[in-house]
Structure formats: structure tokens, C-alpha cells
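Reader: Hi! Could you walk me through this structure in plain words?
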Amino acid sequence: MTMPLVEMKDVTVRFDGARTVHAVNGVNLTLMPGETLSILGESGSGKSVTLKTLLRLLPENRTAIGGEVRVAGADVLSLDGRALANHRGGVVSMIFQDPMLALDPVYTIGDQIAEAVVRHEGVSRQAGLARALDMLTRVRIPSPERRMKAYPHEMSGGMRQRAMIALALACRPKLLLADEPTTALDATVQIQILLLLRELQREFGMAMIFVTHDIGVAVEVSDRIAVMYAGEFVETGTVRQIIREPRHPYTKGLLAANLHGAVKGERLDAIPGAPPALETKPTACSFAPRCPVRQEGCETARPPVASFDPGRMVRCIHAVEPALA
Amino acid sequence: MNPAPASLPETAPKPPLLSVNGLRKHFPLKGGLFGQTTGVVRAVDGVSFDVAEGETLGIVGESGCGKSTTARLLVDLITPDDGQILLESRRLGVDLDVRELRRHVQMVFQDSYASLNPRLTMEDAIAFGPRVNGMAAAKATALAHELLAKVGLEPRRFAGRYPHELSGGQRQRVNIARALAFSPKVVILDEAVSALDKSVEAQVLNLLADLKKELGLTYIFISHDLNVVRYISDRVMVMYLGEVAEIGPVETLYANPTHPYTRALLAAMPSMDPDRRTEEAPLTGDPPNPINPPSGCRFHPRCRNAESVCSAGSPGLFKLPSDRHLVACHAAIPGSGHSLAEMPA
Ligand SMILES: Nc1ncnc2c1ncn2[C@@H]1O[C@H](COP(=O)(O)OP(=O)(O)OP(=O)(O)O)[C@@H](O)[C@H]1O
Ligand SMILES: Nc1ncnc2c1ncn2[C@@H]1O[C@H](COP(=O)(O)OP(=O)(O)O)[C@@H](O)[C@H]1O
Ligand code: SF4
Ligand code: SF4
Ligand SMILES: [Mg+2]
Ligand SMILES: [Mg+2]
């Protein structure tokens with residue numbers, strides 16, 4: 001039997017600073033090798049914090065992480081020293097909306113990729129440079145030999161995004177974390193990057209967690225979707241299930257807000273209000289203040305979790321009785 | 001020749017509310033050791049279009065194609081190098097002065113935070129414009145309260161708040177109220193909902209529709225989101241490197257895009273159907289910038305249908321037989337010499 005690549009069990013993340021933020025409130029996730037999942041949610045819902053938890057990128061002194069996180073057999077929350085360094089970049093790699101977070105402005109693209117390969121795989125510099133050239137070719141940067149010697153600021157936006165992907169994949173990670181890597185791009189460039197990621201994911205057989213607020217983007221790149229609201233997954237399922245049979249009122253609202261099936265001249269079925277501030281730990285359904293089908297009880301107790309089959313889950317009182325949903 | 005329409009309109013069409021003719025704005029490109037002018041950015045390069053009273057014109061195109069520059073020219077935030085702006089047939093600088101234009105044509109920007117003064121309460125921010133224009137303080141404050149209610153913010157709760165005490169969606173509502181304080185005829189919305197979360201964006205889109213109906217407004221709606229543009233617009237204008245590539249009724253444009261660039265833009269939208277995901281990117285590379293644009297049709301280096309006629313001469317906007325649909329592509333112009341074009345009638 002294949003072992004899951006990623007297992008998150010009841011993961012919570014709380015920031016204790018000037019202001020307490022309960023950013024992640026009980027996330028459960030199982031991802032098999034080679035699987036692709038999109039986390040779909042609005043800003044502040046906890047998407048980036050979830051990804052950073054998998055890489056242990058959160059500020060240690062002000063962050064309280066609870067639950068269990070396993071990636072490729074390792075207990076991520078207790079990693080340190082060399083094991084943590086190998087985890088970051090060797091096993092799990094991340095790409096961002098702003099490529100300058102990943103790229104170093106003072107080194108050429110070729111040197112940066114080569115250096116990462118030498119560090120993680122202990123190969124010669126020569127071999128590192130050869131890998132760098134191969135990666136730049138695979139991400140379809142035009143004239144890759146010449147681009148090896150280019151600095152990040154000498155490249156256009158789409159090109160920098162490709163260079164960042166080349167760097168992230170150079171050490172053949174088992175898991176790629178993508179935090180809205182195409183949000184700042186023109187749609188014409190976005191689709192190029194999405195297709196590239198889809199192709200490389202297949203070619204390298206790696207698993208991918210792709211964070212986005214755009215349903216169309218999730219449809220293009222992933223097999224499954226987890227809808228996140230106020231630090232929780234409120235619904236998970238295959239892309240087809242989420243698009244065609246959404247069960248959670250928030251998922252339905254998001255689809256309507258994305259103008260899925262909107263009719264010109266008719267009012268949009270907009271969700272009223274705004275997401276909660278997350279200053280306290282949720283003790284009821286976090287969506288209740290905005291929910292059009294709220295019931296008695298929704299505001300006093302945590303809603304039940306209805307699990308249908310592995311990977312299909314809805315966190316709503318109505319989901320238990322499908323007739324009402 | 002085209003067959004005559006089956007029935008002619010009963011009345012002659014009204015003149016457009018807003019009309020733009022051959023608008024041009026070039027920015028000098030500074031560079032070199034002494035900051036000398038080393039080139040020119042052709043941000044807007046001969047743009048013409050009309051907007052009818054009560055309609056919504058959407059403007060789309062890749063980053064840098066001149067959408068915001070066009071908007072800023074329309075409200076005279078920058079001065080055109082060439083071209084005419086007419087409001088109700090009165091020409092700016094001739095029988096229409098700048099102050100009047102600015103009152104009738106208001107603008108709302110994307111960045112709701114940057115456009116509000118952090119030290120003004122919401123009622124003062126909204127009342128500011130009318131007061132500068134001579135309205136008495138008490139009357140301006142009453143107007144501010146009325147407008148807050150109109151954009152869905154309860155005056156009692158929100159009048160005394162400062163910008164940092166509001167969410168992004170609430171700030172954008174205040175910016176809309178501020179624009180409405182001048183009782184404008186036209187409101188230009190430049191990526192005005194783009195920074196909002198989807199659920200909040202839907203609320204603001206509903207608000208814009210309500211206000212339009214109630215106040216008889218005319219909108220120019222600039223956005224990179226083609227779903228939103230389709231939903232809100234009556235007509236859509238597609239810009240490419242400072243020029244108009246295609247303009248027409250929204251349904252015609254989305255169902256029958258004629259310019260290869262319009263087709264590419266639409267094909268670049270992510271699919272919402274898991275069984276029909278995009279298989280091939282319609283364009284390669286990044287959008288070019290309008291410094292030294294290509295000769296002839298500016299799209300020719302990226303166009304799959306490009307032929308020698310395309311780099312030789314600029315196609316210019318050509319009126320198609322269907323209603324109010326114009327396109328700048330040799331392949332659509334009879335007798336242009338492009339192999340896909342019809343022979344002249
Ligand atoms: N004040 C200025 N000085 C120099 N160049 C400018 C100036 N304003 C705009 N430009 C340039 O003019 C071109 C058109 O810019 P504009 O802001 O109109 O683009 P846009 O279509 O609104 O793009 P976006 O989708 O990114 O908002 C760009 O190349 C831009 O860099
Ligand atoms: N380092 C941090 N310190 C304090 N609060 C944080 C930190 N990082 C994120 N947060 C808060 O956690 C919540 C979730 O953030 P995030 O995961 O970044 O949201 P998104 O879904 O937009 O990626 C937000 O309220 C955010 O302000
Ligand atoms: S549990 Fe209640 S409030 Fe929460 S989403 Fe379901 S119906 Fe709405
Ligand atoms: S004029 Fe030629 S190059 Fe330009 S869009 Fe038409 S076919 Fe393409
Ligand atoms: Mg984020
Ligand atoms: Mg702009």
C-alpha cells in the first residue's frame with residue numbers, strides 16, 4: 001500500500017503578538033504522492049499559514065502550532081538542523097506570488113540554481129550548472145544559455161516566475177507548495193505558467209498544493225479542492241464535486257461570486273458581510289453570521305463534519321441530511 | 001453590399017454622452033547619465049470611442065496597454081498631446097471647461113486606501129468635494145450622510161470613522177460615495193473592485209448596478225477580469241499597445257471575437273469546466289511595452305495569422321456589418337490584401 005506523502009492531523013496555528021490571531025483551526029489533510037490539491041479561499045482565511053506550516057517557515061517565538069504534520073514519513077514539527085534544511089528545498093519546495101522572495105538579487109539565475117543543487121545533493125559545481133541549464137530549458141526560458149548569466153532584475157515578470165519555478169524544482173522535490181504564483185500576472189501569462197506547472201508536475205511525478213482565490217485557476221491545475229474559511233477546511237472534494245455539487249453554503253456563495261452561471265442584468269447572489277477577525281478560537285460555525293441557511297444551533301456549537309468518502313468532507317449542519325442542502 | 005436592416009429605428013440615435021476622438025498621450029522616456037530623453041512611451045496612440053448615456057463600456061487589455069492612461073486623460077488628470085474630448089457634444093477647451101468636465105466625469109481607483117486621506121473621517125471625506133465647490137458645511141454633511149446610506153454604510157456607525165477603521169470593501173464604498181457627491185453623469189471605475197475578495201466584490205457589483213439604475217449613471221469599467229466585464233458591460237473595448245483593437249456589444253464580442261488578440265484574451269481565461277481544461281496557451285511571452293511598438297498592426301509579432309500586409313500598414317478601425325462592432329485587423333477588412341479577407345464588394 002502506498003503511504004500518504006502529507007498528513008496533517010488537527011493542525012492549529014495561533015499567533016501571539018500584539019494581537020492574537022487564530023489563523024488555522026483544526027486542519028486535516030491527506031495527500032498521496034503525485035496528487036494535486038488546491039486550497040481555495042479569500043484573503044486572511046489561512047492559506048499561506050497552512051503552507052508555511054508544512055515548511056516550518058513561521059516565526060518560532062510567537063507561533064503556537066498544534067496537531068501533527070508528517071511529510072514523507074518525517075515529523076515536520078520536530079525537525080531541526082540538517083534534517084530541517086533537507087526538508088526545505090530537498091523534499092518540499094515553495095513558489096510565491098512575488099518571485100523576488102525566492103530569488104537572490106545579487107546572484108545570477110544559473111549560479112543560484114547550481115548552488116541549491118550542490119548544497120542539497122552534494123554534486124560538483126559542474127553538475128549543478130548542468131542541472132541549472134536543464135531546468136531553465138524545461139521551464140521554457142528562451143535562450144537558456146544566455147539567461148544562466150542574467151540577474152533577476154534583468155528579466156520580465158513572466159520570465160522571473162519561470163526562473164523561480166526552475167529553482168524550486170531543481171532538486172526534484174516530492175512536494176511543491178505554490179502560494180498564488182500567478183495572481184499578479186496578466187491572464188495571458190498566467191495560463192502559460194499554469195500549463196507549465198501542470199506539465200512539470202506530471203513529468204516529475206511530484207505532489208502539489210496550490211493556493212489560490214480563483215476557482216478557475218484551481219480547476220486548471222488540480223485534481224482536488226479544499227475550500228478554506230476562517231482557518232478551517234469547510235468543504236473538500238474532487239474538482240468536479242466542488243464545481244458541480246457544492247454542499248457548503250460558503251462554497252456555493254463563492255461559486256456565485258465568481259459569476260459562475262451569472263446572468264447579465266440579474267443581481268448576484270452575494271454573501272453579505274465579511275470574514276471574521278479570528279481573535280478568538282471558533283466555538284460555533286465561523287460562517288454563521290453570513291450564512292443564508294443558518295439554523296438554530298449554528299451559532300452555539302461547532303457544526304458536525306460529514307465525511308462521505310475519503311477526500312469528500314463538508315463541515316455544515318445541513319450536509320448530514322442531503323435533502324436540506 | 002450589406003442587406004438593409006429589416007426595420008429602421010423609430011427615432012434618430014441620440015448623440016453620445018461622451019465622445020473621444022484621436023486621443024494621444026506619449027510619455028518621454030528618461031534615461032542615460034543625465035536623465036535625457038531617450039525614447040517615448042506611446043501609452044495612448046490615437047484612441048477614439050463613444051459612450052452612450054446610461055450604458056456601461058468595459059475596457060480590457062493586458063497590463064500597460066493604456067487603459068488607465070485613457071481614463072486619466074478623460075478626467076483631465078493628464079493633458080493629451082492630441083485629440084478631442086466631447087461631453088454632450090461640447091468640446092473640452094472650446095465650449096466645455098475643465099472644471100465642468102471633472103464634475104461630470106468622476107473616477108474611482110483600485111487602491112481604496114491610497115485614495116482616502118487618513119486624517120479625514122468618512123463624512124468629511126465625502127463632504128470635502130462639495131464644500132470646495134461652494135456647498136454650505138451643514139448641507140455637505142447632510143449630503144455625506146445620505147450618500148453613506150446610499151452605498152450601504154449606516155451613517156450613524158460609519159460617518160465618524162477613519163479609513164483604517166474600515167475594511168477594503170467598506171473603503172471602496174466610501175470612494176464610490178465620494179465620486180457620487182458631485183452628481184456626475186459618468187463614473188470611471190479603474191480596477192475599482194479588483195483588490196476586493198470575491199464575496200465582497202459581488203456585493204459592490206450589486207451596489208454599482210443599483211446606483212446606476214437609481215441615478216441614471218453611465219459607467220466606464222476598466223478591469224482585467226473578463227468574467228466581471230462580461231457581466232457588467234453593455235459594450236467592450238479591447239486595447240493593445242495604446243490602440244483600440246476591437247470594440248463592440250458585449251455578447252457579440254464574447255461570442256464572435258473577430259480580432260485575433262481578442263480571441264487570445266478570451267482563450268486565456270481559466271476554464272471553469274474540469275472536463276475542458278485549457279490545453280494550449282493562446283499567446284507566448286509577456287505583454288510587450290509601448291516603447292518602439294512594431295510597425296503596421298502592433299499585434300503582428302504575436303499573431304498566428306500575420307502576413308506581410310500586417311507589418312506593412314496599420315489596419316485602422318473598420319466597421320463590421322453587425323451593429324456597432326469595429327475591429328482593427330487586416331483579415332477582417334475586405335480588400336486589405338490579407339488572404340483571409342474577403343474580396344471587396
Ligand atoms: N507618467 C508616466 N510616465 C511614463 N510612462 C507612463 C506614465 N504613465 C503610464 N506610463 C506608461 O504608459 C503605458 C500605459 O500605462 P497604463 O497605466 O495606461 O496601463 P494600463 O493599461 O492601465 O495597465 P494595468 O493593467 O497594468 O493597469 C505603460 O507602458 C506605462 O508604463
Ligand atoms: N506572522 C504572522 N503574525 C501574525 N499574524 C499572522 C502572521 N501571518 C499571518 N497572520 C494572520 O493569519 C491569518 C491568516 O493569514 P494567511 O494565511 O496569510 O491568509 P491567506 O489565506 O490570505 O494566505 C490572517 O489573519 C493574518 O493576518
Ligand atoms: S453550519 Fe449552519 S451556519 Fe454554518 S454553514 Fe451550515 S447552515 Fe450555515
Ligand atoms: S492585422 Fe494581421 S497581424 Fe494584426 S491581428 Fe490582423 S491578422 Fe493578425
Ligand atoms: Mg496568502
Ligand atoms: Mg491601470
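Author: Happy to; we'll go through the sheets, two residues and a ligand site.

Author: This is a predicted model, where local features need pLDDT of at least 70, side-chain atom pairs count only at pLDDT 80 or more, and totals for chains, interfaces and linings use all residues. Residues are numbered from 1 along each chain as its sequence is written, chains are lettered from A and ligands numbered from 1 in the order in which they are written, and side-chain values use heavy atoms, leaving out hydrogens and water.

Reader: Cool. In what order do the four strands of the open sheet in chain A come?

Author: The order is 2-1-4-5, with antiparallel pairing. Strands here are DSSP runs (E, at least two residues), helices are runs of H or I with at least four, and both are numbered from the N terminus. Two strands pair if DSSP finds at least two bridges between them.

Reader: Which strands are at the edges there?

Author: Strand 2 (20-31) and strand 5 (74-75) of chain A, each pairing on one side only. Strand 5 is joined to strand 4 (residues 63-71) of chain A by two bridges, and A:Val71 has A:Ala74 as its bridge partner.

Reader: What does helix 1 of chain A touch?

Author: Helix 1 (residues 47-55) packs on the sheet and touches strand 1 (6-16), strand 2 and strand 4 of chain A. Contact means heavy atoms within 4.5 Å.

Reader: New topic: is A:His87 buried or exposed?

Author: A:His87 is buried, at a relative accessible area of 3%. Buried means under 20%, exposed over 50% and partly exposed in between, using a 1.4 Å probe and protein chains only. A:His87 sits in helix 2 (residues 81-91) of chain A, and its side chain reaches the backbone oxygen of A:Leu54 at 2.8 Å.

Reader: And what about B:Pro249, where is that?

Author: B:Pro249 lies in strand 10 (residues 243-249) of chain B and is buried, with a relative accessible area of 18%. The C-alpha atoms of B:Pro249 and B:Arg235 are 4.1 Å apart, although 14 residues separate the two along the chain.

Reader: Last one! Which residues are around ligand 4?

Author: Among them are B:His259, B:Cys297, B:Cys303, B:Cys310 and B:His330; a residue counts if one of its heavy atoms lies within 4 Å.

Reader: How many of that shell are nonpolar, polar or charged?

Author: Seven are nonpolar, five polar and none charged. Ala, Val, Leu, Ile, Met, Phe, Trp, Tyr, Cys and Pro count as nonpolar, Asp, Glu, Lys and Arg as charged, and the others, Gly among them, as polar.

Definitions and conventions
Axes fitted to C-alpha atoms, helices over the stretch in contact; angles between N-to-C directions. Polar contact = N/O pair within 3.5 Å; in protein donor to acceptor, adjacent residues only side chain to side chain.
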